[in-house]
Structure formats: C-alpha cells, structure tokens
Amino acid sequence: MPSSPSSPSPTPGAPAPGPALAERLGGLLFFPVTAFAPDGSLDLDVFRAHVRRGVEAGAGAVFVCCGTGEFHALAPEEFSACVTAAVAEADGRVPVVAGAGYGPALAREFARRAEAAGADGLLAMPPYLVVAGQDGLVRHYTELADATALPTVVYQRDNALFTPDAVVRLARHPRIIGFKDGLGDPDVLQRIITAVRGAGLDKDFRYFNGLPTAELTGLAYRGLGVALYSSAVFCFAPEIALAFHRALAAEDEAAVRALLDGFYVPFVELRNQGRGYAVSLVKAGVRLRGLDVGGVRPPLSDPPPAHVEELGALLERGLELAGSMPGGTARTQSGGEAR
C-alpha cells in the first residue's frame, strides 16, 4: 500500500470543525460519477467538467469518490487526484465531502488522503464484508474520525447497521456530525433520532436520506424531519432533480406526484432491471447529456442499448415535466451539452 501523503494531525483541544460543515450542508447533495477514458484510466479533465457543471447547476455539496463515484474501483492515487480536482472545481462555493471505507487501516489511509487533498469532510462507508457487533462498529468509526481533523458522516447500510444507543455514542464524538441512512426502516430511524435528541446531541447532528433514488422516499423522510438527501438523478438531469427538490420543499403535492409518476417511479423500475444500475445507469444518463464519462469498471457492467434507449425516453419526459413547473428553467449543461 503506498504511503499516505503528509497531512496535518488533529490538534489536541482544538475546536471541532464539525458544526461548520453541518451548517453548510443544504440543498441537493451531488454525488458525481468518476470519469474513465476508453482505455479504462482516470479521465480527470472530464471529471472536472462534470463536477464544475454540477456545482454551477446548483448542487448544495459535492460528495466525491463515494458509491456513485465507484470508490470501490479506485486506486489510492486516483482517489487523491479526484478529491483534489473536486476541491479545485468547487473552489469553496460548496463543501466537498470524500468517501472513506474498507477496513480500519485503509479507511484511515483514504481519510488522510482526503484531508491532504483539501476535502471539507468524510462520508464513512461500511467496512469490508465483515458483520460486526455494535461495540466493534463504534470503535471502527471512532478511530476513523480520530485519524483526521475532518468532520465525518457515518453511512448506515448493508453490514453497518446501528442501534439507537450506538448512534448516540457516535454522536458524542466531536467530529462525527451526521448519519446517512441507507437502511430505509422508518421505525429504526425514528428511534435513532429520538435517542440522539434525548441525549442533547441533535443541535449540529445532521441526518440524510441515503437510499438509492432517494426522491421515492422523500415524502416519508420529511415526515421524520429528514430533508437532506443524495440525488443520483442530479448527475445527469439537474433540472429534474431541482424541480422535485423545490416541489418537495414547497409541499407542492401535485408537482411531487407528477414527477414521481412521470419520471422517478419508471426510472427506479428501469434501475431495478440490472445489478449495479444505481451506478451504471447514472453514468449512461450523463453520457446521454453529451459528456463522455466512460463506462463503469468491473465488476459492474454497463446497461445494454435497449435500456439506454429507454432511459433516454424517460429523460425527455422528465425534462418536459420539470420545464413545465413553477421555477422550471432551460436545460442546463451540468451533465454535458443538453440534448
């Protein structure tokens, strides 16, 4: 494993940077795809264009090298290059949060690389494969948060599932500032929110809807008081994603229903037709908008032409719907040239 780049160590007793990031997080959370050239190598020029256009389209934050960004397929040097590029393109306009995962040693390595590259925070993804108890999970994420001065959001999904008590223990850490829920159990999430609030730790602790195509569950999560969510659709159709976000915030039920029925539900039905489509179908959407971000790396596979054609038809329908709604604007170029 290559040695990590030098980075400053957290200063004992220094003010925790968490609340500053917590206060900056808002709007739609943009999880850019990672661009690859035809030979499979990293294409930083295209990646930078993708990030830049997303920020200019109105992203609230950039979450780089996470699930949609194929974190699992990136070498450490590629990870560092992508985070550095995203920080440069964001240019302080919105925060940049980088993924960190695998076992303890590698997770700390990626966290330190993110800090050295100038990231504003970390999204701590599940550890590799093992199914651990609550004490082990708390220790893992605590040690990860101790590795840098960066604020950290813990991502619940798959083999990293937490009890309310465990989340309270994590929330006591000065640099663990949020909890992204990829489980989708409202009973569990409500009990977690109640426990954190009961411990007096909710002031600067943020919650995120982290389910695939989070718009489908946006109404349910808002009922729990969780307004932040990651939008994969924003990668290739920010017009649609922003129209839905505005409608949800304004409690415009007619607009929400129209976008759910006309675009999001059919999109999810298409997404569910292939394994790994939560990433590869999104990359196909970015390519449809004119920016060649390449395909996915193994073990993922790109969708066949028939599914890409179906996605194109859905995209046109969604853009028409978004453009007809209050606040609708002309098609942007965040994913590439408008079609």
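The following legends describe close-up views of a predicted model.

**View 1. The cavity of the predicted model and its lining residues.**
The structure holds one cavity of 30 Å³ or more. The space inside the largest cavity amounts to about 30 Å³. Its lining is formed by Leu29, Phe31, Phe63, Leu123, Val153, Lys180, Phe208 and Ser230. Sorted by class, these lining residues comprise six nonpolar, one polar and one charged. In general, empty space of this kind is revealed by rolling a probe the size of a water molecule over the atoms.

**View 2. The crossing of helices H9 and H12.**
Two packed helices are described by the angle between their axes and the distance between the axes. Helix H9 spans residues 238–249 and helix H12 spans residues 305–323. Their axes come within 9 Å and cross at roughly 45°. Because angles under 35 degrees count as roughly parallel and those from 65 to 115 as roughly perpendicular, this crossing makes H9 oblique to H12. The crossing in which H9 passes H12 is left-handed. On the H9 side, the contact is made by Glu239, Ile240 and Ala243, while H12 contributes Leu315, Gly318, Leu319 and Ala322. Taken by class, the residues of this contact are five nonpolar, one polar and one charged.

**View 3. The packing of helices H6 and H7.**
Helix H6 (residues 164–171) packs against helix H7 (residues 186–198) at an angle of about 45°. The axes of H6 and H7 are 8 Å apart. The two helices are therefore oblique to each other. H6 passes H7 in a crossing that is right-handed. Pro164, Val167, Val168 and Ala171 of H6 meet Arg191, Ile192, Ala195 and Val196 of H7. Among the residues of this contact, seven are nonpolar, none is polar and one is charged.

**View 4. The cis peptide bond between proline 298 and proline 299.**
Proline 298 and proline 299 are joined by a peptide bond in the cis form, with an omega of about 10°. Proline 299 belongs to the loop between helix H11 (277–288) and H12. Helix H12 also appears in View 2, where it meets H9.

**View 5. Cysteine 65 and its positive phi.**
The phi angle of cysteine 65 is near 55°. This value is positive, and it occurs in a residue other than glycine. Cysteine 65 is located in the loop that runs between strand E2 (61–64) and helix H3 (76–90).

Note on methods
Residues numbered from 1 in each chain as written. Predicted model: local features only at pLDDT ≥ 70, side-chain atom pairs only at ≥ 80, totals over all residues. Heavy atoms only, no water. 1 Å grid on protein atoms, 1.4 Å probe; cavity = no way out; pocket = protein on both sides within 12 Å on 5 of 7 lines; lining within 4 Å. Points joined across faces, edges and corners; volume = space filled by probe spheres on them. Nonpolar A, V, L, I, M, F, W, Y, C, P; charged D, E, K, R; others polar. Axes fitted to C-alpha atoms, helices over the stretch in contact; angles between N-to-C directions. Helix = DSSP H or I, 4+ residues; strand = E, 2+ residues; numbered from the N terminus. Parallel < 35°, antiparallel > 145°, perpendicular 65-115°, else oblique. Left-handed = near helix turned anticlockwise from the far one by under 90°. Contact = heavy atoms within 4.5 Å.
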